[in-house]
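Good morning, and thank you for making time for this. I would ask you to keep the structure open on your screens while I speak.

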Amino acid sequence: MAKYVGAIDQGTTSTRFMVFDHDGNEVARHQLEHEQIMPEAGWVEHDPHEIWEATQDVVQAAMGRAGIEADGLAAIGITNQRETTVVWDRRTGEPYYNAIVWQDTRTDKIAAALNRGDAGALICERAGLPPAPYFAGGKLQWILENVDGVRADADAGHAIFGTIDTWLIWWLTGGPDGGLHLTDVTNASRTMLMDLETLAWDDELLAIFDVPRAMLPEIRSSSEVYGHTTDDGPFSGAVAIAGDLGDQHAALVGQVCFEPGQLKNTYGTGNFLVLNTGTEIVRSTHGLLTTVAYQLGDAPAVYALEGSIAVTGSAIQWLRDQLGIIKAAGDSEALAASVDDNGGVSFVPAFSGLFAPYWRSDARGVIVGLSRYNTGAHVARAALEAICYQSRDVVDAMIADADLDLQILRVDGGVTANELCMQIQADVLGVPVSRPVVAETTALGSAYAAGLAVGFWSTTDELVANWNESRRWEPTSTRDDRDAGHAQWKKAVERTMGWVDLD
């Protein structure tokens with residue numbers, strides 16, 4: 001009997017493969033970064049071939065490290081950077097263009113035009129999403145309109161679309177030789193093309209973006225056996241592909257937030273707060289997204305409110321790569337801790353505009369409040385505070401939308417290793433912050449979805465029993481401290497708006 005479940009975790013900056021045992025413990029992993037291609041200001045792309053090659057490499061390395069063969073895996077799950085858009089030729093597997101990444105802002109004028117017309121309201125009501133450059137529908141429209149030959153090949157049935165999960169599943173199951181073209185409800189719900197209620201592609205939404213239905217993958221649940229890997233693929237054998245979740249949905253499952261009212265925050269390139277609202281679709285009136293949380297097999301879909309923040313952990317990378325005030329991302333903690341406060345500095349990293357709860361494509365990043373007194377340490381501390389204040393803005397919106405009484409915030413992702421940042425988060429919110437033993441919950445969640453589909457785990461109760469706390473941060477701030485800090489933050493946010501003319 002197979003002892004393990006695997007997970008391909010394809011993220012914005014890297015790809016990894018992880019192996020888990022029945023208790024949810026990590027057995028092995030391997031991870032590789034890939035290139036961030038930025039051909040113009042605001043444009044962010046990835047090479048789809050590089051991602052596929054990295055996926056093969058990390059699978060083989062982790063399997064070798066664990067000393068297991070294909071028959072040692074009960075199943076594999078896939079989790080992926082959402083909204084990132086690929087269009088390729090089904091006959092050859094050749095992409096027509098680089099993958100357009102979720103952070104890319106080239107479609108800001110498309111989104112602005114939709115928001116000015118009746119189509120914006122229809123998209124919000126039908127798909128649960130405000131028109132924004134973030135989502136895949138506008139990126140797909142841009143490729144169809146701007147890349148030579150794509151429209152003609154799409155009309156002929158040759159050009160097909162997918163988010164990164166779809167791209168990988170297609171290759172893992174044979175590619176041009178019979179590869180499966182499918183996605184799950186969570187990834188489909190991030191396109192602006194799927195009806196939240198029917199969980200199907202919607203003809204009126206397709207018409208808005210002028211997308212041929214034949215380009216689109218089949219929509220399936222998040223936990224079922226979709227197919228098997230091929231013998232000539234990275235697993236060198238047939239392994240069931242049985243889980244598929246967008247990364248933030250996978251993190252919700254990995255944090256075992258299966259009850260309505262449970263909330264998690266993932267700290268990565270951006271921050272993503274997801275609140276389980278059960279089988280009820282809750283329409284936001286405070287700038288949040290309504291999305292599918294997950295669907296386990298034949299069970300009804302579970303929905304969520306989400307607050308997506310574009311730039312959090314990547315702001316620390318910016319301090320390292322563009323400003324050069326730190327040599328490694330981990331240095332930000334020590335530098336920020338060398339001062340007692342931000343010295344009056346606020347940093348709003350609206351590099352891709354402002355996402356939830358503002359949804360302002362015209363915003364751009366600002367550092368304000370500078371004086372001769374300030375140093376790089378104050379900027380570093382302001383960057384950590386920006387991660388936390390952006391999260392508070394979303395939590396405040398969730399409290400308003402869902403009548404949420406927040407008692408604790410479950411956190412995961414790479415930035416949670418920064419203990420100063422997590423203490424600031426507890427102080428900004430005024431509630432405890434809890435990190436699990438397995439902080440990389442995106443991979444774990446996709447493994448859980450796959451394992452449930454094949455009976456490796458029988459119920460979600462088994463998964464809840466696996467969850468254990470690694471560290472908790474208790475708030476030390478007063479209400480007056482929190483309110484004063486947040487008021488300064490809101491003043492800084494106002495100064496980001498209207499910087500780019502979208503007319």
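I shall go through two sheets, the helices that pack on them, the nonpolar core and one buried loop residue.

Please bear in mind throughout that this is a predicted model.

Let me begin with the sheet of 6 strands. It is open, its pairing is mixed, and the strand order reads β3-β2-β1-β5-β14-β13. Which strands stand at the edges? They are β3, residues 26-33, and β13, residues 223-228; each has a single partner strand, so one side of each is left without a neighbour in the sheet. On average, neighbouring strands here are turned by 25 degrees against each other, direction ignored. At the β3 end, strand β2, residues 14-20, pairs with β3 in the antiparallel sense over 7 bridges. Within that pairing, F20 stands opposite E26 in β3.

Two helices pack on this sheet. Helix α6, residues 164-172, touches β1 (4-10), β5 (73-80), β13 and β14 (240-246), and its direction makes about 145 degrees with that of β5. Helix α9, residues 247-254, touches β5 and β14, with a direction at about 105 degrees to that of β14.

Helix α9 also has a helical partner. Its axis and that of helix α14, residues 441-453, come within 7 Å and cross at roughly 75 degrees. The two helices are therefore roughly perpendicular to each other. On the α9 side the contact involves D247, A250, A251, V253 and G254; on the α14 side, T441, T442, L444, G445, S446 and Y448. Sorted by class, this contact of α9 with α14 has 5 nonpolar, 5 polar and 1 charged residues.

I turn now to the sheet of 7 strands. This one is likewise open with mixed pairing, in the order β17-β18-β16-β15-β21-β22-β23. Its edges are β17, residues 289-294, and β23, residues 469-473; since each has a single partner strand, one side of each is left without a neighbour in the sheet. The twist from one strand to the next averages 30 degrees.

Strand β21, residues 409-412, deserves a closer look. Are its residues buried or exposed? L409 and V411 point one way, R410 and D412 point the other way, and all are buried. With strand β15, residues 263-267, β21 pairs in the parallel sense over 3 bridges; N265 has V411 as its bridge partner in β21. To strand β22, residues 433-436, β21 is joined by 2 bridges, and these strands also run parallel. There, the bridge partner of L409 is V433, and that of R410 is S434. Helix α13, residues 419-429, packs on the sheet, touching β15, β21, β22 and β23, and its direction makes about 55 degrees with that of β23.

Next, the nonpolar core. The largest one has 101 residues, and V87, Y134 and L140 touch the most other members. Which helix gives the most to this core? Helix α12, residues 376-402, does, with 13 residues. As for V87, its contacts beyond four places in sequence are P95, Y96, Y97, L140, I143, V150, A159, I160, F161 and M215.

Helix α12 has a further contact, with helix α16, residues 479-494: the axes come within 11 Å and cross at roughly 95 degrees. That crossing makes α12 roughly perpendicular to α16. By class, their contact has 3 nonpolar, 3 polar and 6 charged residues. From α12 these are A386, Y389, Q390, R392, D393 and D396, which meet R482, D483, G485, H486, W489 and K490 in α16.

A shorter remark on helix α2, residues 108-116. Its buried residues are D108, I110, A111, A112 and L114. They pack against α3 (118-127), α4 (136-146) and α8 (203-209).

Finally, consider A356, which lies in the loop between β19 (346-348) and β20 (366-368). Why does A356 count as buried? Its relative accessibility is 7%, and the cut-off for buried is under 20%. A356 and G307 are 49 residues apart in sequence, while their C-alpha atoms are 5.2 Å apart in space. Leaving aside residues up to four places away in sequence, A356 touches G287, L288, G307, S308, I309 and V394.

That concludes my presentation, and I welcome your questions.

Note on methods: Residues are numbered from 1 along each chain as its sequence is written. This is a predicted model: local features need pLDDT of at least 70, side-chain atom pairs count only at pLDDT 80 or more; totals for chains, interfaces and linings use all residues. Side-chain values use heavy atoms; hydrogens and water are left out. A nonpolar core is a set of buried Ala, Val, Leu, Ile, Met, Phe, Trp, Tyr and Cys residues joined through side-chain atoms within 4.5 Å. Buried means under 20% relative accessible area, exposed over 50%, partly exposed in between (1.4 Å probe, protein chains only). Helices (H or I, at least four residues) and strands (E, at least two) are DSSP runs, numbered from the N terminus. Contact means heavy atoms within 4.5 Å. Axes are lines fitted to C-alpha atoms, for helices over the stretch in contact, and angles run from 0 to 180 degrees between N-to-C directions. Angles under 35 degrees count as roughly parallel, over 145 as roughly antiparallel, 65 to 115 as roughly perpendicular and the rest as oblique. Ala, Val, Leu, Ile, Met, Phe, Trp, Tyr, Cys and Pro count as nonpolar, Asp, Glu, Lys and Arg as charged, and the others, Gly among them, as polar. Two strands pair if DSSP finds at least two bridges between them.
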